[in-house]
Amino acid sequence: MPRSSVPHAPPLRPLLRRYTDVGEPLSWVPVTEGLLNRGYRLSTTRGAYFLKQHLDAPTSDRATITRQHRATQRLHALGLPVAPPLPDSRGRTVALVGGHCYALHPWIDGRHRDGAQLSTGCSRRLGTLLGRVHTCLEQVMESPPPGGEHESARPEDTFRAIEELLRLARAHRPRDSFDALAEHRLRERRRLLAQHAHHRPPPASAAGWVHGDFHPLNLLYRGAEPAAIVDWDRLGVRPRAEEAVRAAAIFFVRPEGELALEKVRAYARAYRRATGADGAELAAAAHRVWWERLNDFWTLRWRYQLHDRRADPQFPAVSALAVWWTREYAAVRDAFAG
């Protein structure tokens, strides 16, 4: 059987024996997008499929995956563009093979589009789509548990993290331009945080069910229309408006670290119309996500602490955005709230 030279070969025959209508395997090709799990484009005598191997420890147990699958099945029934998993001959959607959980999905032809590729009208439709995700999740999921406040980052913890990352960046060998930029951004962020530590937001209450990881690599387009929202691993209960802001900060960030505010404004207005959220809720969410960005160094943690460079390309824009957002705080708030 033709296959990739990647060493992680999926156990195709034991998996496909569980299904009655998918045919015999012909080839598989790893899908390169995605940082936490593995995916494969699987071709069989009956067509093309997406095979997902769940590896991310917090979400890779069978019960968690099954809950995600049931949610996507119900969302699909409400007309949302999702790709629910295929049930096997016994009606199960999670296969445990070799100690790992797998799921088989229909292959969706489409491509990813970031904010630069979205017109203002498409940005508006994106806001409406995420609003529909949130309101439909409210219909298909159980009521969120009471309580569940989310503490914002503590500056004293961030200062300690900055010192550790600075030490690691300075000691990194062979030293390159990335290390120099990392040092510059860490020192810059330390100054900004000292200036704005008194703006730490209070705890936020978890408001409802959210996708949990809504960004361009988890949305497939066919032409100008969304074809499928994928990767529901982070489905959970969190402040909904914060997911809307967080998604906009990923979709609409430019390479130089600025947000395309006119597109953000169109997106946010559409989201508010779809959910009934008001400007004050979006303004508060924007403040919390700004604070989160000011205190977050996940790309540097991956490089220096996990020795994983897959997130390196994201660092320049992500780190510049925190600085630009701080300088343009009022304009960003108004784009989400106005």
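Which element gives the most to the lining of the largest cavity? The points below address this question first and then turn to other features.

1. Basis of the note. The model is predicted, so local features need pLDDT of at least 70 and side-chain atom pairs count only at pLDDT 80 or more, while totals for chains, interfaces and linings use all residues. Residues are numbered from 1 along each chain as its sequence is written, and side-chain values use heavy atoms, with hydrogens and water left out.

2. The largest cavity. Helix α10 gives the most to this lining, with 3 residues. Helices and strands here are DSSP runs (H or I, at least four residues, for helices; E, at least two, for strands), numbered from the N terminus. A cavity is a set of points, on a 1 Å grid over the protein atoms alone, where a 1.4 Å probe fits but cannot get out; a pocket is an open set with protein on both sides within 12 Å along at least five of seven lines; lining residues have an atom within 4 Å of a point. The count comes to 1 cavity of 30 Å³ or more, and the largest has a volume of about 40 Å³. Volumes are the space filled by probe spheres set on the points, with grid points joined across faces, edges and corners.

3. Lining of that cavity. The residues concerned are Arg-189, Asp-296, Phe-297, Trp-298, Thr-299, Phe-315, Val-318 and Ser-319. Two or more of them come from each of α9 (298-304) and α10 (315-327). By class, 4 are nonpolar, 2 polar and 2 charged; Ala, Val, Leu, Ile, Met, Phe, Trp, Tyr, Cys and Pro count as nonpolar, Asp, Glu, Lys and Arg as charged, and the others, Gly among them, as polar.

4. Helix α10. Of its 13 residues, 10 are buried, so α10 is largely enclosed by the rest of the structure. Buried means under 20% relative accessible area, exposed over 50%, and partly exposed in between (1.4 Å probe, protein chains only). The buried residues of α10 include Phe-315 and Ser-319, both of which also line the largest cavity.

5. The second largest pocket. This pocket holds about 150 Å³ of space. Its lining draws two or more residues from each of β7 (204-205), α6 (240-251) and α8, and α8 gives the most, with 5 residues. The lining has 6 nonpolar, 2 polar and 4 charged residues; among them are Pro-239, Glu-281 and Arg-288.

6. Helix α8. At 1.5 Å a residue, the 17 residues of α8 (residues 279-295) should span 24 Å, and the end C-alpha atoms are 24 Å apart, which agrees. The expected span is 1.5 Å times one less than the number of residues. Because 13 of the 17 residues are buried, α8 is largely enclosed by the rest of the structure. Asp-278 caps the N-terminal end of α8, with a side-chain oxygen 3.3 Å from the backbone nitrogen of Ala-280.

7. Backbone points to check. The peptide bond from Arg-173 to Pro-174 is cis, with omega near -5°, and Pro-174 is in the loop between α4 (155-171) and α5 (177-196). Two residues that are not glycine have a positive phi: Asp-231, at about 60°, and His-307, at about 55°. Asp-231 is partly exposed at 24% relative accessibility, whereas His-307, in the loop between α9 and α10, is exposed at 66%.

Notes: A polar contact is a pair of N or O atoms within 3.5 Å; within protein, one must be able to donate a hydrogen and the other to accept it, and residues adjacent in sequence count only if both atoms are side-chain atoms.
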